[in-house]
Amino acid sequence: MQYQPQPTAGKPPQLSLFEGLIAHRLTPFGEMACATPQPADDWLSEMTLSGSGGHCRLLLAPILRELSEAADTRWLTLIAPPASLSQSWLRETGLNRDRILLLQARETQGALELACKALMSGCSHTVITWLGRLDRTSRLKLRAAADQGNAQSLNVRMGN
C-alpha cells in the first residue's frame with residue numbers, strides 16, 4: 001500500500017522530488033548541452049563522500065550511471081579510481097561499460113597529469129579523478145585542460 005497525499009483546501013498535493021522532475025520534464029544531467037561558453041568555475045566540480053565504503057559507492061553509482069548514459073557520445077573517463085570501484089562493481093551497478101574508459105596512472109605519469117591529458121584531448125565528456133584535496137595549482141591545471149577539451153572535470157574525495 002502506497003501513501004497517497006490528499007490535497008488540502010485549494011492546494012495541490014506535494015510531489016516527491018522525482019515525481020516533480022518527471023512532471024516538469026527537467027533535463028537529466030546527461031542531456032545538458034553547452035550552448036554558451038562556461039565560466040572557468042564550471043569546468044571543475046568536486047564532491048566529498050564520507051562514511052563507509054559501501055554507502056559512498058551507493059551514492060556514487062547513480063551519478064556514474066547517468067554520466068555513462070550521457071547524450072554526449074564521448075567517453076566517461078575514470079582516472080585511478082579506488083580499488084573498491086572494480087570492473088565487476090561497475091558492471092553490477094548497471095553502467096554502460098561501452099562508454100567508460102578506465103585509466104590507471106603509472107609511476108612515470110601521475111594521476112593529475114593523466115587527467116589533464118584526458119581532458120585536453122577532447123575525447124571525454126567527463127573525466128573523474130580521485131585526487132584528494134586539490135591545491136590551487138592543481139585546480140588551475142584541471143580547469144585549463146577541461147576548457148581546452150570542452151570537457152567536465154569531477155574530483156571525488158572519499159573520506160571516512
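This is a short tour of a predicted model, starting at one strand and moving out to the nonpolar cores.

**Stop 1: strand 2.** Select residues 75-79. Four of these five residues are buried, so strand 2 is largely enclosed by the rest of the structure.

**Stop 2: its partners.** Add residues 124-129, which form strand 4. Strand 4 runs parallel to strand 2, and five bridges join the two. To see one of the pairings, pick L76 in strand 2 and find T126, its bridge partner in strand 4. Now add strand 3, residues 100-103. Here too the strands run parallel, with four bridges between strand 2 and strand 3. L78 pairs with L102 in strand 3.

**Stop 3: the crossover.** Show helix 3, residues 87-92. Together with strand 2 and strand 3, helix 3 makes a right-handed β-α-β unit.

**Stop 4: the largest core.** Which residues have the most contacts inside the largest nonpolar core? Select L60, L64, L78, I128, W130 and V156. The core has 18 residues in total. Strand 1 (44-49), helix 2 (53-68), strand 2, helix 3 and strand 5 (152-158) each give two or more residues to this core. Helix 2 gives the most, with five.

**Stop 5: W130.** Center on W130 and display its contacts beyond four places in sequence. Among them are L60, L78, I79 and A80. P81, P82 and L85 also touch W130, as do N155, V156 and M158.

**Stop 6: a second core.** Finally, select W43, A115, A118 and L119. These belong to a separate core of 14 residues.

Notes
Residues are numbered from 1 along each chain as its sequence is written. This is a predicted model: local features need pLDDT of at least 70, side-chain atom pairs count only at pLDDT 80 or more; totals for chains, interfaces and linings use all residues. Side-chain values use heavy atoms; hydrogens and water are left out. Buried means under 20% relative accessible area, exposed over 50%, partly exposed in between (1.4 Å probe, protein chains only). Two strands pair if DSSP finds at least two bridges between them. A crossover is right-handed if, with the strands pointing away from the viewer, the path from the first strand over the helix to the second runs clockwise. A nonpolar core is a set of buried Ala, Val, Leu, Ile, Met, Phe, Trp, Tyr and Cys residues joined through side-chain atoms within 4.5 Å. Contact means heavy atoms within 4.5 Å.
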